[in-house]
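Work through the exercises below with the sequence and the model open. Each task is followed by a solution in steps.

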Amino acid sequence: MQSGDPCVGREQPNYVFCQRPRCPSCGSARLQTYRSVADGEVTTRHTLCKDCGEKFRVVLE
Ligand SMILES: [Zn+2]
């Protein structure tokens with residue numbers, strides 16, 4: 001970090017890391033969302049695995 005920069009100390013970078021959803025059956029990250037349902041603050045994605053064809057739901061809290 002450089003001192004003397006007026007931006008340093010004022011704007012802290014905030015990072016939020018979201019893990020990439022993976023297929024519970026084969027572990028693939030090649031997923032296709034075919035339906036997304038928002039219920040309040042929670043979003044449920046109906047997801048299809050492109051590798052093994054498994055259908056499952058990804059819940060975003
Ligand atoms: Zn799969």
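Of the 61 residues of the protein chain, 3% count as buried; a residue is buried if 20 or more other C-beta atoms lie within 10 Å of its own, exposed if 12 or fewer, and partly exposed in between, with C-beta atoms placed from the backbone. This is a predicted model, in which local features need pLDDT of at least 70, side-chain atom pairs count only at pLDDT 80 or more, and totals for chains, interfaces and linings use all residues. Residues are numbered from 1 along each chain as its sequence is written.

**Exercise 1. List the secondary structure elements of the protein chain in order.**

Step 1. Apply the criteria: helices (H or I, at least four residues) and strands (E, at least two) are DSSP runs, numbered from the N terminus.
Step 2. Count them: the protein chain has 0 helices and 3 strands.
Step 3. Read from the N terminus on, the elements run β-β-β.

**Exercise 2. Work out the strand order of the sheet and name its edge strands.**

Step 1. Two strands pair if DSSP finds at least two bridges between them.
Step 2. β1 is joined by 8 bridges to β2 (residues 42-49), and the two run antiparallel. Another 6 bridges join β2 to β3, again antiparallel.
Step 3. The result is an open sheet of 3 strands in the order β1-β2-β3. Its edge strands, each pairing on one side only, are β1 (31-39) and β3 (55-60). From one strand to the next the twist averages 25 degrees; the axes behind this angle are lines fitted to C-alpha atoms, and angles run from 0 to 180 degrees between N-to-C directions.

**Exercise 3. Find the bridge partners of threonine 43 and leucine 48 on either side of β2.**

Step 1. Take threonine 43: alanine 38 is paired with this residue in β2, and leucine 60 is its bridge partner in β3.
Step 2. Take leucine 48: glutamine 32 has this residue as its bridge partner in β2, while lysine 55 stands opposite in β3.
Step 3. As background, strands of a sheet pair through backbone hydrogen bonds, either parallel or antiparallel.

**Exercise 4. Which glycine has a positive phi in each hairpin?**

Step 1. The hairpin of β1 and β2 has 2 residues between the strands, and glycine 40 in the turn has a positive phi of about 70 degrees.
Step 2. The hairpin of β2 and β3 has 5 residues between the strands, and there glycine 53 takes a positive phi near 85 degrees.

**Exercise 5. Is arginine 30 buried or exposed, and which residues does it contact?**

Step 1. Locate arginine 30: it is in the segment before β1.
Step 2. Arginine 30 is exposed, because 12 other C-beta atoms lie within 10 Å.
Step 3. Leaving aside neighbours within four places in sequence, arginine 30 is in contact with Lys50 and Asp51; contact means that the C-beta atoms, placed from the backbone, lie within 7 Å.
Step 4. Cysteine 52 is 22 residues from arginine 30 along the chain, with 9.7 Å between their C-alpha atoms.

**Exercise 6. Describe the surroundings of valine 58 and of its strand.**

Step 1. Valine 58 is in strand β3. Of the 6 residues of β3, the number buried is 0, so the strand lies largely in the open.
Step 2. Valine 58 is partly exposed, because 15 other C-beta atoms lie within 10 Å.
Step 3. Leaving aside neighbours within four places in sequence, valine 58 is in contact with Pro21, Arg45 and Thr47.
Step 4. The C-alpha atoms of valine 58 and threonine 33, 25 residues apart along the chain, are 9.0 Å apart.

Key:
Contact = placed C-beta atoms within 7 Å.
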